[in-house]
Amino acid sequence: MKYFSKSNNRSRNLRPPDLYEYYVDNYWFKTVDLDNQKINQPLRGSHKADIVIVGGGFTGLSSAYHIKQKFPEKHIVLLEGACCGYGASGRNGGFCIATDLLGETGNVNPEVRQKNLEISFYGLNFIKRMISEHGVECDLEENGMLEVAFNEKHIRKLEEFQSWLNSFGLDSTLLQSEELRNEIRSSRFIAGLNNPHGAILNPAKLAREMKRVVEEVGVEVRERTVVTRITPGKTNLIDTELGDIRAPILVIALNAYAHKLGFFKDRVFPISVFQIATEPLNETQLESIGWGNRQGLSDMRTMFSYLILSRDSRIIMGGAGGFGYYDNDALCSGNDKSFTHSITKDLFTSFPQLEGLGIEHTWGGTTAYMLGDRSPSVGVMGDQKNIYYGVGLSEGVPTTQTFGRIIADLMAGESNEFTEHYVVNYPIAYAGPTSLRGVFGRGARWIWEKQDN
Ligand SMILES: Cc1cc2nc3c(=O)[nH]c(=O)nc-3n(C[C@H](O)[C@H](O)[C@H](O)COP(=O)(O)OP(=O)(O)OC[C@H]3O[C@@H](n4cnc5c(N)ncnc54)[C@H](O)[C@@H]3O)c2cc1C
C-alpha cells in the first residue's frame, strides 16, 4: 500500500505527545474547562464494529457525523488517544478561511469553478449548520479576513490575491491610508485587503461540542484510547493500549500523527506550531488599535503572523516564524519559549501602543506540512480499498469538516462534485529521508527569513 509501511508500524513512541497530560497552557482548553470535562472511558477488551475512526479531531468528528447520516444502521466507533479536540483541532488560531479549497484558476472552466466554490465554502457552512441544527456553541463570528501589507512587494501580492478572488466572483476591498486606519491602527501596515469570506471561532469549544453531537446521533466515542497498531486487511485489526477492535472499514483521521502508526511516514512532516494569548484588552487598548470589525488578521510574509480577538477581547496570535520541526518521534506540542517569544515580539512590533500588555497563555500544537504544492489529500487506500483518510491539513479548520463529508460520500460509492474535487486521492509528494528533514527545515527557514526581510 502506497501510504502505509508495516515496518514503520512500530514507532519509538506510539503515544501521541502529552496525552493524558492536561497541563498544556492552551487558552482554548481553559475556556472549555477541559480539566473538569467528562472524558469518555477507554476501550477495553475485544470488540467488533462496522466502521472504526481513529482520531478525534475535526476530521474524525466530521467523518463520524457524515458517515452516520449516510449509514444510520452501522455501528461506528471513534477512537481518540486523549480527548476529542486534544490535537491541532483544539489548539489552533481560530481562523476559518472559506476559500482554501478553491484551487488555481488556471484552465479551470466556469462550471468547475462554481462547484469548487460550493465545496470550499462547505466547511464554514457545515459549522453554521452545526450551530443552527444542533445548538453548537463555538463563538463563531463571520467577520471575514483582513490581510495586511508591510511593503510594496506585499501590496502586489494583495492585488494578485484580490484578482484571484475576483476570478471566482468573490468580492474584496483593497484598503489604504485612512480607510485602512479605520479598520486597524498600526504604522507597520501600509495596505490591507478586506476579504469577507471567512470567520473566527473558538476551536476547542467546536471540537467538544462536535463530540456531543456525534454521540447524540449514535456514534460510540472512546477517549483515552491510544491506538498502538493497525493491521490492515479485509477485516482491519486495530490494537489499543487496553484492547482491540476489528472492523471492515477504517478511517485514518490522524493528520500529523499518522506516521506513528505507519501511515504517510515518508510524505508528511509533523511540525510544531505555537500560539500566545494576551490578557484581555481594556477599552483604551482596544481603542488604540481600532479593529472594531474583529476580522481574522494576517500579513503577507511567507512566515506570516495571524491574530484574532477572542470573545473576551484577548489577542490570540500565532505564526511569525513560530514553528519548528523536531523529529518524527519528538513532537513538541507544549511550549517552546524561543518560538512564543518571537510571536510576542512580532505582536509589539505591529502594535507598540500595547507594550506592557500581559501574555497569559502560550502553547503549541502539531500540524502537517508537506512538500510539493502542499495540497491536503482525502481519499481511500489499501489493497482492499477499505481505509479512508484525510491528511496534510495545515489550515484545516473548515477543510477537515469538508473532508468528513467527502469521506462519507466516497464510502457510499457516490459520484458527485465532492468526490470529483481535485483533493480526492490527491498524490502527496515524497518528503525525502527522515534524517534530512531537520536540515531541510533549517534551510527553508533561512530562505524564508531572507524573503521576508
Ligand atoms: C497551533 C496551531 C494553529 C493553527 N491555526 C489554524 C488556523 O487558525 N486555522 C486553520 O484553518 N487551521 C489551523 N491549524 C491547523 C488545523 O488545526 C488542523 O489542520 C486541523 O485541526 C487538523 O484536524 P485533524 O482532525 O485532521 O487532526 P487533529 O486535530 O490533530 O486530530 C488528530 C487526533 O488524533 C489523536 N491521536 C493521535 N495519535 C493517536 C493514536 N495513536 N490513537 C488514538 N488517537 C490518536 C490526537 O490526540 C488528535 O486528537 C493550526 C494548527 C496548529 C497546531
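Helix 3 (residues 110–134) packs against helix 9 (residues 396–411) at an angle of about 100 degrees, with the two axes 8 Å apart. That angle makes helix 3 roughly perpendicular to helix 9. The model is predicted. It holds an open sheet of 6 strands and an open sheet of 4 strands. The domain assignment gives two entries, domain 1 and domain 2.

**Helix 3 and helix 9**

- From helix 3, the contact takes in I119, Y122, G123, L124, F126 and I127.
- From helix 9, the residues that meet them are P398, T399, Q401, T402 and R405.
- The residues of this contact between helix 3 and helix 9 divide into 6 nonpolar, 4 polar and 1 charged.

**The sheet of 6 strands**

- The strand order is 9-3-2-13-20-19. The sheet is open, and its pairing is mixed.
- Strand 9 (220–222) and strand 19 (377–381) stand at the edges. Each has a single partner strand, so one side of each is left without a neighbour in the sheet.
- From one strand to the next, the twist of this sheet averages 15 degrees.
- Strand 2 (residues 51–54) and strand 3 (residues 76–79) run parallel and are joined by 4 bridges.
- I53 has L78 of strand 3 as its bridge partner.

**Helices on that sheet**

- Helix 2 (residues 58–70) lies across strand 2, strand 3, strand 13 (249–252) and strand 20 (387–391).
- Helix 2 runs at about 175 degrees to strand 3. Angles over 145 degrees count as roughly antiparallel, so helix 2 is roughly antiparallel to strand 3.
- Helix 9 also packs on the sheet, where it touches strand 13, strand 19 and strand 20.
- The direction of helix 9 makes about 160 degrees with that of strand 20.
- Strand 13 and strand 20 therefore appear in the lists for both helix 2 and helix 9.

**Helix 2 and helix 6**

- Helix 2 packs with helix 6 (residues 203–216) at an angle of about 25 degrees. Their axes lie 10 Å apart.
- The two helices are therefore roughly parallel to each other.
- The crossing of helix 2 past helix 6 is left-handed.
- Helix 2 contributes F58, L61, A64 and Y65 to the contact. Helix 6 contributes A207, M210, K211, V213 and V214.
- The residues of the contact of helix 2 with helix 6 divide into 8 nonpolar, no polar and 1 charged.

**The sheet of 4 strands**

- This open sheet has the strand order 1-12-11-10, again with mixed pairing.
- Strand 1 (45–48) and strand 10 (227–231) are the edge strands, and each pairs on one side only.
- The twist averages 15 degrees from one strand to the next.
- Strand 10 pairs with strand 11 (residues 236–240) in the antiparallel sense, over 4 bridges.
- T231 has L237 of strand 11 as its bridge partner.
- A hairpin of 4 residues joins strand 10 to strand 11.

**Domains**

- Domain 1 is assigned to 6–92 + 203–268 + 372–434.
- Domain 2 is assigned to 151–196.
- The C-alpha centres of domain 1 and domain 2 lie 37 Å apart.

Technical notes
Residues numbered from 1 in each chain as written. Predicted model: local features only at pLDDT ≥ 70, side-chain atom pairs only at ≥ 80, totals over all residues. Axes fitted to C-alpha atoms, helices over the stretch in contact; angles between N-to-C directions. Parallel < 35°, antiparallel > 145°, perpendicular 65-115°, else oblique. Contact = placed C-beta atoms within 7 Å. Nonpolar A, V, L, I, M, F, W, Y, C, P; charged D, E, K, R; others polar. Pairing = 2+ DSSP bridges. Left-handed = near helix turned anticlockwise from the far one by under 90°. Domains from an automatic or database assignment.
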